[in-house]
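Work through these exercises with the model open beside you. Try each task before reading its solution.

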Amino acid sequence: MSRKFNNVVVSIQAHPDDSEAWNAGTLKLLKEKGYHIIIATMTAGGMGGIGSNEAKTIEIRLEEAAKAAAVLDAEYYCFEGRDGYLFDTAEMRRRVTSVLRQVNAGIVMTHLPMDYHPDHRVACNIVEAATIVASLPNVPVKEKALEVTPLLYHTAPIALTDPIGAPIAPPHFFVDVSSVMDTKREMLQHHHSQKELMKVMHKMDNFFEVVYQGNKDYGAMVGVEYAEVFWQHLGGGFQRDPQVQEDLKEFVKFLK
Ligand SMILES: [Zn+2]
């Protein structure tokens, strides 16, 4: 009997390294449960270079992203938006819907609507819009409509605040990723180019350590060593089946 939502998860974030930073541990746990994993980025991160021009940076970062995805035997797609200049266009929405249909997506993950980074917010809009129509036959893409609209989940950056510093709604659930931190570290380490960039951009000495500390802080909120956090998209047009929460039930924690 086939399940209502396919065991195919597509993590679509704005930049190479976003999936690795925000939800790679959970992707690894889903892979161990038999899910097929696809990692996609809206841009190739061309502005994220220090000492390399945009074209060269794109080349470097696509290679880093593909290597990181390969750790999970995941396919990697880039939707070729421009880093820092990502716009929500009909073409970008169509590209995302096409890929969701090609891979028969059951679960989609993307940024929060109120994320700190403008590209993340735009990526979230594109992904939500492309997902909600994935099962509609009149959408102008050549791939056949999905039988069911995929479930949509949102991931978080380090701080649980919106762009003006106000606290956002607590995560719907936490995933204990303590047992898969080695995999997450291995994936993130492929993004060598970002260590230098984050020193300049955010004055972070070690971006990777900042990410791990974030996972540690989330873990402390629910009594585990390291955690990632999620919100399920519960707005109209999406179903509310808690498939990820149930498939990862031994790892899922809730705030008391
Ligand atoms: Zn990003």
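**Exercise 1. Trace the sheet outward from β1.**
Find which residue of β4 stands opposite Val10, then place β1 and β4 in the whole sheet.

*Solution.*
- Step 1. Val10 stands opposite Val108 in β4. This is a predicted model.
- Step 2. β1 covers residues 8-13 and β4 covers residues 107-110. The two strands pair in the parallel sense, over three bridges.
- Step 3. Move on from Val108. Its opposite residue in β5 is Leu152. β4 and β5 are also joined in the parallel sense, here over four bridges.
- Step 4. Now read off the full order: β3-β2-β1-β4-β5-β7-β6-β8. These eight strands form an open sheet with mixed pairing.
- Step 5. Look at the edges. β3 (75-81) and β8 (252-253) each have a single partner strand, so one side of each lacks a neighbour in the sheet.
- Step 6. Add the helix. α4 (residues 90-102) lies across β1, β2, β3 and β4. It runs at about 165° to β3.

**Exercise 2. Sort the residues of β5.**
Which residues of β5 point one way, and which the other way?

*Solution.*
- Step 1. Recall the rule. Side chains in a regular strand alternate between the two faces of the sheet.
- Step 2. Apply it to residues 151-155, the span of β5. Leu151, Tyr153 and Thr155 point one way. Leu152 and His154 point the other way.
- Step 3. Check the cover. Five of the five residues in β5 are buried.
- Step 4. Follow one contact out of the strand. Tyr153 is touched by Gln232, which also touches His172 and Pro242. Gln232 belongs to strand β7 (residues 227-232).
- Step 5. Classify Gln232. It has 19 C-beta neighbours inside 10 Å, and a buried residue needs 20 or more, so Gln232 counts as partly exposed.
- Step 6. Set a distance across the model. Gln232 and Gly81 are 151 residues apart along the chain, and their C-alpha atoms are separated by 25 Å.

**Exercise 3. Find the buried face of α6.**
Why do the buried residues of α6 line one face of the helix?

*Solution.*
- Step 1. List them. In α6 (residues 181-189), Thr183, Lys184, Met187 and Leu188 are buried.
- Step 2. View the helix down its axis. The buried residues fall within an arc of 130°, so they line one face.
- Step 3. Recall the helix rule. There are 3.6 residues a turn, so residues three or four places apart point the same way.
- Step 4. Name the packing partners. The buried residues of α6 pack against α1, α2, α3 and α8.
- Step 5. Take α2 (24-32). The axes of α2 and α6 are 8 Å apart, at an angle of about 120°. That makes α2 oblique to α6. The crossing is right-handed.
- Step 6. Identify the contacts. Ala24, Gly25 and Lys28 of α2 meet Met181, Thr183, Lys184 and Met187 of α6.

**Exercise 4. Compare two positive phi values.**
Is Asp17 buried or exposed? Do the same for Asn104: is this residue buried or partly exposed?

*Solution.*
- Step 1. Start with the angles. Phi is near 100° for Asp17. It is near 60° for Asn104.
- Step 2. Place the residues. Asp17 sits in the loop between β1 and α1. Asn104 sits in the loop between α4 and β4.
- Step 3. Count neighbours. Asp17 is buried, with 28 other C-beta atoms within 10 Å. Asn104 has 16 inside 10 Å and counts as partly exposed.

Conventions
Residues are numbered from 1 along each chain as its sequence is written. This is a predicted model: local features need pLDDT of at least 70, side-chain atom pairs count only at pLDDT 80 or more; totals for chains, interfaces and linings use all residues. Two strands pair if DSSP finds at least two bridges between them. Two residues are in contact if their C-beta atoms, placed from the backbone, lie within 7 Å. Axes are lines fitted to C-alpha atoms, for helices over the stretch in contact, and angles run from 0 to 180 degrees between N-to-C directions. A residue is buried if 20 or more other C-beta atoms lie within 10 Å of its own, exposed if 12 or fewer, and partly exposed in between; C-beta atoms are placed from the backbone. The arc is that of the directions from the helix axis to the C-beta atoms. Angles under 35 degrees count as roughly parallel, over 145 as roughly antiparallel, 65 to 115 as roughly perpendicular and the rest as oblique. A crossing is left-handed if the near helix is turned anticlockwise from the far one by less than a right angle, and right-handed if clockwise.
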